[in-house]
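Subject: Structure handover

Dear colleague,

I am passing the structure below on to you, together with an account of what was found in it. Please read the notes with the coordinates open beside them.

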Amino acid sequence: MGRLDGKVAVITGAASGFGLATAKLFAKEGAKVVGADVNPKMPEIAAEIPGEVVGIVADVSKKEDIDAMYALCIEKFGKLDILCNNAGISGCQVPLHEYPIDVLDKIYSINVRGYLMVMQGGIKLMLENGKGSIVNTASIGAFKATPLSVGYLQSKASNVMMTKTAAVEYVKNNIRVNAICPGIFNTGIIDGMSEEIREFLGSQIPMGRIGEPEEFANFALFLASDESSYITGQAYLLDGGRDAL
Ligand SMILES: NC(=O)c1ccc[n+]([C@@H]2O[C@H](COP(=O)([O-])OP(=O)(O)OC[C@H]3O[C@@H](n4cnc5c(N)ncnc54)[C@H](O)[C@@H]3O)[C@@H](O)[C@H]2O)c1
């Protein structure tokens, strides 16, 4: 008996990191999964995951791609119960007074505008379904400053308020909306970070290590499933104790 038996999930950013780990775990727990990613290898990556998983190449900054993602979900699986709104980019590490506005625009097109458009499409299907659970991937950066990352941190702070706003708007529709705010994890997103930033982040973690994507997926599973039925509008830190310092 899987913890997501009978559920249908859409996961964005499913070609690597949190999204991939989450797609694998959800499928293992019985969910039917649509994995979406801008990575052109998404369909092959999805095909290799054991269980009922289909992949689609989709850019969450493009409305037509989001429409195609949900059309595939309905065509293949007939409904939407769970949305993991997860695809995101980190931008560059530059002092605030020099932060390039074109990078800010790019981050916003995915992490803010894209997040909202993905939620809009998902909520429409959940309203038809009569229920749903949305798990947004925000960041510890919504609460704690990290030098040189103003564009990314602004975007992730917005994910938290988007989560709370949606939670209160749709609570009567049986749609729960929560956010996970990871600290620093071993995923593709940290590949682009400078050694200086990595060292700074690593030194902030009481557990003495960065997190693994499977540790994120375990918590996403709880929030996506009916086990968290009395939880909505929350933003949870997953940070190896960093915030407790
Ligand atoms: N890894 C960390 O330490 C950390 C910490 C806090 C928050 N996050 C957040 O976690 C989320 C997932 O990132 P990750 O850490 O797994 O990194 P990742 O780079 O491994 O995964 C991100 C995925 O999103 C995809 N993607 C990027 N732009 C896209 C777009 N426009 N449309 C569709 N897909 C797109 C990428 O191709 C990639 O597969 C992001 O929102 C990120 O901001 C990560």
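A good place to begin is strand β1, which is covered on both of its faces, with V8, V10 and T12 buried on one side and A9 and I11 buried on the other. The strand comprises residues 8–12, and five of its five residues are buried. Please keep in mind throughout that this is a predicted model, and that the values given here are computed from it.

The sheet around β1

The strand belongs to an open sheet of seven strands, which pair in parallel and follow the order β3-β2-β1-β4-β5-β6-β7. At the edges lie β3 (53–57) and β7 (235–238), each of which pairs on one side only, and the twist from one strand to the next averages 15°. Between β1 and strand β2 (residues 32–37) there are five bridges in the parallel sense, and within this pairing T12 stands opposite A36 of β2.

Further along the sheet, strand β5 (residues 132–137) and strand β6 (residues 175–182) run parallel and are joined by six bridges, with S133 standing opposite R176 in β6. Helix α5 (residues 150–170) packs on the sheet, where it touches β5, β6 and β7, and its direction makes about 165° with that of β6.

Helix α1

Which residues of α1 are buried? They are G17, F18, G19, L20, A21, T22, A23, K24, L25, F26 and A27. Because 11 of its 12 residues are buried, α1 is largely enclosed by the rest of the structure. The length of the helix can be checked as well: at 1.5 Å a residue, the 12 residues of α1 should span 16 Å, and the end C-alpha atoms are 17 Å apart, which agrees. Just after α1, G30 adopts a positive phi of about 100°.

Two residues of this helix may be worth a closer look. L20, whose place is in α1, counts as buried because it has 25 C-beta neighbours inside 10 Å, the threshold for that label being 20 or more. If neighbours within four places in sequence are left aside, L20 is in contact with A14, A15 and I45. The C-alpha atom of L20 is separated by 9.9 Å from that of A36, although the two residues are 16 apart along the chain.

A23, also found in α1, is buried, since 31 other C-beta atoms lie within 10 Å. Not counting residues up to four places away in sequence, A23 touches I11, A14, V33, G35, I49 and V53. Among these contacts, I11 is one of the buried residues of β1. By contrast with those contacts, the C-alpha atoms of A23 and G122, which are 99 residues apart along the chain, are separated by 17 Å.

The shell around the ligand

The ligand is surrounded by 29 residues, of which G13, G17, G88, G188 and I189 are the closest. The elements that give two or more residues to this shell are α1 (17–28) and α4 (101–129), and α1 gives the most, with three residues. In character, the residues of the shell divide into 13 nonpolar, 14 polar and two charged. G17 therefore appears in both parts of this account, as a buried residue of α1 and as one of the residues closest to the ligand.

With kind regards

Conventions
Residues numbered from 1 in each chain as written. Predicted model: local features only at pLDDT ≥ 70, side-chain atom pairs only at ≥ 80, totals over all residues. Near = placed C-beta within 6 Å. Helix = DSSP H or I, 4+ residues; strand = E, 2+ residues; numbered from the N terminus. Nonpolar A, V, L, I, M, F, W, Y, C, P; charged D, E, K, R; others polar. Pairing = 2+ DSSP bridges. Axes fitted to C-alpha atoms, helices over the stretch in contact; angles between N-to-C directions. Contact = placed C-beta atoms within 7 Å. Expected span 1.5 Å × (residues − 1).
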